[in-house]
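Hi there,

Here is the structure I promised to pass on. Have a look at it first, and my notes on its charged side chains follow underneath.

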Amino acid sequence: MTIRLCLTFPLVFCLHATPVFSQFYTLPANTGFVEGISDNGIAVGSFGSPQYFLWEVGVGGKVNIGGVPAGNGVGGQAKISNDGSFIGGTTFNNITGLHEASRYEVATGMWTPLGGLGASSGSETSSGWNISGDGESIVGLAWINAGSAHAASWQNGVVTDLGSTAAGQSTRANAVNFDGSVIAGWQDGNGRQGAVWVDGVQELIFNNGGNPAQESSDITDDGRFVTGFGSGDFVEPGIPYRYDVENDTYLEIESLPVGAQQNAAATAITNDGSVIGGGTWPFAAPALFGNGFIWEEGVGTMSPQDYFTSKGASGWPNGYNFRFVSAISSNGEWIAGWGGTSPVAATQSWVVRIPQVLVGDINLDGIVNLSDVSPFVDLLSSSGFQAEGDINGDGDVNLKDVSPFVELLSGG
């Protein structure tokens, strides 16, 4: 809807609103999928791309940064530190002739291979699966012989073997908290059972029925909450979870609004554990063919678009399909995933920025309506700044905010 609004402060002018207000962004189709995102909105990925990449709103589009994506005997995924300074993943070490867990420094554009535990399988000695919030720890797996690997962490140039509590079985670290003291992943033996290592000591995760929980995928900065997978069978759908490490409590994330399918995964969590994202997808298909979900504590599960709308975000086209939520920044401001307009599968990565204030709520009553017009005019005439009045997000409150403010009022 387009509306005509007249404002006086002290001059009188009228305008017709056009849609300019958006917090929705996409990467080009078929160029790779985002796997991690920082607190300042720098997205990284490797899946579906010939090399690792980073992307930032308004900064030159996708940038390839080297590295070796998973496939052909190489593991790992792209993850990024909270401040966007460091990226974890896997690269090829020309000196050793092996693929290794590695850390990339954004400022220098350099990868540093981190080595392994003295063994290799094929062309890989180790692989990097995540990075701590402070950027100082990389976690993943390292081979102890050609057929077995252990979860490992690399910090301050030292690699630590996190071991296995099942003889002859492998483990892997998928996630790490802010300072590297709590690590989550899986232990083979009862399938890929969810596991947590606190200061190097492993704890296995069990569901409320006493059965092994499935592998863990993400962890909060303080190491308290862990998220994980839930795979069902041909009758029962998968149920993802949130595990409270401190209190040993297991919360099933049920009632998925998109309809739970055989596979379900809670893959991303905010710093306080109150928001979790992921997806659910059918048997024998990748998550690209699924449907994303977001769970909010005290609210429950909802579709990504419903969650974004509830937080004041907008801008995606009608009919856009949010197939998977792959990453949430620690502060909850940025959410990324896979989707597109295809009715079948994801074709591109998307990024949504959640407004940290209710943009347009100038009178601070919790809603945006015509009651905000008069205080908005007063704010414009005073040349002052109020975050709720910075409608276009450019750091100033001025006439450039008028058109998007009108669009907000119109419900666009």
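Below is what I found on salt bridges in this predicted model.

Searching the whole structure turns up seven salt bridges. Three of them, including where each partner sits, are described here.

Let me start with Arg103 and Glu136, whose side chains form a salt bridge with an N to O distance of 3.9 Å. Arg103 belongs to strand E10 (residues 98-105), while Glu136 is in the loop between strands E12 (126-131) and E13 (137-145); this pair links distant parts of the chain, 33 residues apart. Arg103 is partly exposed at 23% relative accessibility, and Glu136 is partly exposed at 35%.

Next come Glu215 and Arg192, with 3.8 Å between their closest N and O atoms. Glu215 sits in the loop between strands E19 (201-204) and E20 (216-219) and Arg192 in the loop between strands E17 (182-187) and E18 (193-198), so their salt bridge ties together parts 23 residues apart in sequence. Glu215 is buried at 13% relative accessibility, whereas Arg192 is partly exposed at 41%. Both residues also belong to a network of salt bridges with Arg172.

Finally, Glu296 and Lys311 meet in a salt bridge at 2.8 Å, N to O. Glu296 is in strand E26 (residues 291-296) and Lys311 in the loop between helix H1 (304-310) and strand E28 (321-328), a link between distant parts of the chain that are 15 residues apart. Here Glu296 counts as buried because its relative accessibility is 15%, under the 20% cut-off. Lys311, with a relative accessible area of 27%, is partly exposed.

Best wishes

Methods
Residues numbered from 1 in each chain as written. Predicted model: local features only at pLDDT ≥ 70, side-chain atom pairs only at ≥ 80, totals over all residues. Heavy atoms only, no water. Salt bridge = Lys/Arg side-chain N within 4 Å of Asp/Glu carboxyl O. Helix = DSSP H or I, 4+ residues; strand = E, 2+ residues; numbered from the N terminus. Buried < 20%, exposed > 50% of the residue type's maximum accessible area, 1.4 Å probe, protein only.
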